[in-house]
Amino acid sequence: MSIKVRYFASLKETVGRAEDELQATSPQPARSIWQQLNPDLPIPDTLLAAVNMEYVGLDTLVNDGDELAFFPPVTGG
Amino acid sequence: MTIKLCEQAFNPWQEIQTYQTQTAALTGKHGATGVFVGTMRDFNQGDSIQGMFLEHYPGMTEKQLEGIVAQAEQQWALLDTLVIHRIGAVLPDDTLVLVAAWAAHRGDAFDACRFIMEALKSRAPFWKQETLASGQVRWVEKNSGGYQNPR
């Protein structure tokens, strides 16, 4: 199975990538996906996550085919 | 409900005028229009700012804004709403965001406009990257509480 992971704004620069594709054998919590993809980067305190464009907590399970996004606090308006 | 992301500078007053004129549901019915216009400043956190780039998450931005406006429509008696937000390169004095809420009565228009704006600030996935007068580029880390002096 495959999970698409996207990074935005300052986080994209910190991570050094805009996207990742994670191959996993079972659904994974968002937190553990971060840890697998960024083993050297602690999870930022202010990290926000979305699955399929809806906000989720970091313990939410992410399934095959989902799009997971990580980003910093939003600053629009 | 109309939501637009706009790469070019726009005139919020012209947008309101045009929308109001073209929306039949408003004709003769709207007693109150709650409007918020956000404009780019040339200063932030003590520094002069020469320009800004507004990044967004395509798809999620629209989805979140639609959800916010739908929530407002459930909570207040609105006739229609218009939300326009700039994306891309922005200059000081450009309009960043327009929220207009039309209702029969002022309470619904005022409150819905405020609600939509505050929810947009905390939930819509936009990120500002400022270019200072010195040329230095930095990300805005978080939105302010909306008042000059903390409350």
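How many residues of chain B are in contact with chain A, and how many of chain A take part? In this predicted model, 24 residues of chain B meet 13 residues of chain A. The legends below start with chain B as a whole and then move in.

**Figure 1. Chain B at a glance, with its three helices and nine strands.** If you follow the sequence from its start, the elements come in the order β-α-β-β-β-α-β-β-β-α-β-β. The radius of gyration of chain B is 16 Å, close to the 15 Å that the globule rule gives for 151 residues, so chain B is as compact as a globular protein of that length. Its C-alpha trace spans about 50 × 35 × 30 Å along the principal axes. Of the 151 residues in this chain, 32% count as buried. Take the contacts in chain B between residues at least 6 apart in sequence: 76% of these join residues at least 24 apart.

**Figure 2. The side of chain B that touches chain A.** Chain B brings 24 residues to this meeting and chain A brings 13. Four elements of chain B give two or more residues each: helix H2 (60–75), strand E7 (95–103), helix H3 (106–123) and strand E8 (126–132). H3(B) gives the most, with five residues. Sorted by class, this side of chain B has twelve nonpolar, five polar and seven charged residues.

**Figure 3. The largest nonpolar core, with its 50 residues.** In soluble globular proteins, nonpolar side chains tend to be buried together. Here, the residues that touch the most other members are Val99(B), Ala101(B), Ala112(B) and Ile116(B). E7(B) gives the most to this core, with eight residues. Look next at Ala112(B): leaving out residues up to four places away in sequence, it touches Gly34(B), Ala72(B), Trp76(B), Leu78(B), Ala101(B) and Ala103(B).

**Figure 4. Helix H3 of chain B and what covers it.** H3(B) has 18 residues and reaches 25 Å from its first C-alpha to its last, close to the 26 Å expected at 1.5 Å a residue. Its buried residues are Asp108(B), Ala109(B), Ala112(B), Cys113(B), Ile116(B), Met117(B), Leu120(B) and Lys121(B). Their cover includes strand E2 (32–39), H2, strand E5 (78–86) and E7 of chain B.

**Figure 5. Helix H2 of chain B, with its buried residues on the same side.** With 16 residues, H2(B) reaches 23 Å from its first C-alpha to its last, close to the 22 Å expected at 1.5 Å a residue. Met60(B), Thr61(B), Gln64(B), Leu65(B), Ile68(B), Val69(B) and Ala72(B) are buried in this helix. Why do we say they are on the same side of H2(B)? Because they cover an arc of only 160 degrees around the axis. Turned away from that buried side, the other face carries the exposed residues Ala70(B) and Gln74(B). The buried residues of H2(B) pack against strand E4 (48–51) of chain A, along with strand E1 (2–6), strand E4 (47–56), E5, H3 and E8 of chain B.

**Figure 6. Glu55(B), a residue in strand E4 of chain B.** Is Glu55(B) buried, exposed or partly exposed? It has 19 other C-beta atoms within 10 Å, and a buried residue needs 20 or more, while an exposed one has 12 or fewer; Glu55(B) is therefore partly exposed. Not counting residues up to four places away in sequence, Glu55(B) touches Phe8(A) and Ala9(A) in chain A, as well as Trp127(B) and Gln129(B) in chain B. Lys142(B) lies 87 residues away along the chain, and its C-alpha atom is separated from that of Glu55(B) by 14 Å.

Conventions. Residues numbered from 1 in each chain as written. Chains lettered and ligands numbered in written order. Predicted model: local features only at pLDDT ≥ 70, side-chain atom pairs only at ≥ 80, totals over all residues. Contact = placed C-beta atoms within 7 Å. Nonpolar A, V, L, I, M, F, W, Y, C, P; charged D, E, K, R; others polar. Core = buried A, V, L, I, M, F, W, Y, C linked by C-beta atoms within 7 Å. Rg over C-alpha atoms; globule rule 2.2 N^0.38 Å. Expected span 1.5 Å × (residues − 1). Arc of directions from axis to C-beta.
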